[in-house]
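User: I'm new to this one. Can you walk me through the structure?

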Amino acid sequence: DVAVVEAREAPPGFHARRDARGKHYRYRILCRRTPSPLDRRTVYRVPADLDVGAMQAAAARLRGRHDFSAFRNAGSVPGPAVRELRRLDIRRSGDYIAIDAVGDGFLYRMVRNLAGTLVQAGRGRVTPEEVARILAGRDRRRAGPAAPARGLCLVEVFY
């Protein structure tokens, strides 16, 4: 669903995608064995506890301006993949974990691929140092699986 919270007249020639200076995405995870019927379509349920400290340490290796080829969609057409990830914050509230990603732009499925890799870090399957090597290696096959779309939400577009 979409909710309009503000509307303004755009200047002549405005283009919603090309004029965007950045975006904020939030990815939500529910860490528990039993699903939540109210959230089942808007969170990724992981039936295990995740180590948020390990996820935060891995996220720290991803912030900044990098070539994010390792986190693009598998099978994407090669092209420029340098993006600036200004924020990649992970916070826990009860059984829920929120991953907030703010950057100048994102590759197709990049946030879901980042979330999937951070979940792997939270499960202890990859270390923060390995995440840094995955980023530097630019090979999509080395990163974690894409997290399901249902946990992803576009929070804001910056103009």
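**Overall build**

Analyst: The protein chain has 159 residues, and a compact globule of that length would have a radius of gyration near 15 Å; the chain has 16 Å, which agrees. That radius is taken over C-alpha atoms, and the globule rule is 2.2 Å times the number of residues to the power 0.38. This is a predicted model: local features need pLDDT of at least 70, side-chain atom pairs count only at pLDDT 80 or more, and totals for chains, interfaces and linings use all residues. Residues are numbered from 1 along each chain as its sequence is written, and side-chain values use heavy atoms, with hydrogens and water left out.

User: What does the C-alpha trace span along its principal axes?

Analyst: About 50 × 40 × 25 Å.

User: How many helices and strands are there?

Analyst: Three helices and six strands. Their pattern along the sequence is β-β-α-β-β-β-α-α-β. Helices (H or I, at least four residues) and strands (E, at least two) are DSSP runs, numbered from the N terminus.

User: What share of the residues is buried?

Analyst: 42% of the 159 residues. Buried means under 20% relative accessible area, exposed over 50%, and partly exposed in between (1.4 Å probe, protein chains only).

User: Why is β5 called largely enclosed?

Analyst: Strand β5 covers residues 96–103, and seven of its eight residues are buried, so the rest of the structure largely encloses it.

User: Which strands pair with β5?

Analyst: β1 pairs with β5 in the antiparallel sense, over eight bridges. Strand β4 (residues 82–93) also pairs with β5 in the antiparallel sense over eight bridges. Two strands pair if DSSP finds at least two bridges between them.

User: What stands opposite A101 in β5?

Analyst: Y25 does. L88 stands opposite A101 too.

User: And how many residues lie between β4 and β5 in their hairpin?

Analyst: Two. In that turn, G94 has a positive phi of about 65°.

User: Switching to pockets. How much space lies in the largest pocket?

Analyst: About 820 Å³. On a 1 Å grid over the protein atoms alone, a pocket is an open set of points where a 1.4 Å probe fits, with protein on both sides within 12 Å along at least five of seven lines; lining residues have an atom within 4 Å of a point. Grid points are joined across faces, edges and corners, and a volume is the space filled by probe spheres set on the points.

User: Which residues lie nearest its centre?

Analyst: V5, E6, E156, V157 and Y159, out of 23 that line the largest pocket. Strand β6 (residues 152–158) gives the most to that lining, with six residues. The lining divides into 13 nonpolar, two polar and eight charged residues. Ala, Val, Leu, Ile, Met, Phe, Trp, Tyr, Cys and Pro count as nonpolar, Asp, Glu, Lys and Arg as charged, and the others, Gly among them, as polar.

User: What about the second largest pocket?

Analyst: Its volume is about 330 Å³. It is lined by 16 residues, with K23, Y25, G105, F106 and L107 nearest the centre. β1 (22–31) and α2 (110–122) are the elements that give two or more residues to this lining.

User: Last topic. How many disulfides are there?

Analyst: Zero in the whole structure. A disulfide is a pair of cysteine sulfur atoms within 2.5 Å.

User: Why is C153 not bonded to C31?

Analyst: The sulfur of C153 is 18 Å from that of C31, its closest cysteine sulfur, and that is too far for a bond.

User: Is C31 buried or exposed?

Analyst: C31 counts as buried, at 6% relative accessibility. C153 is partly exposed, at 43%.
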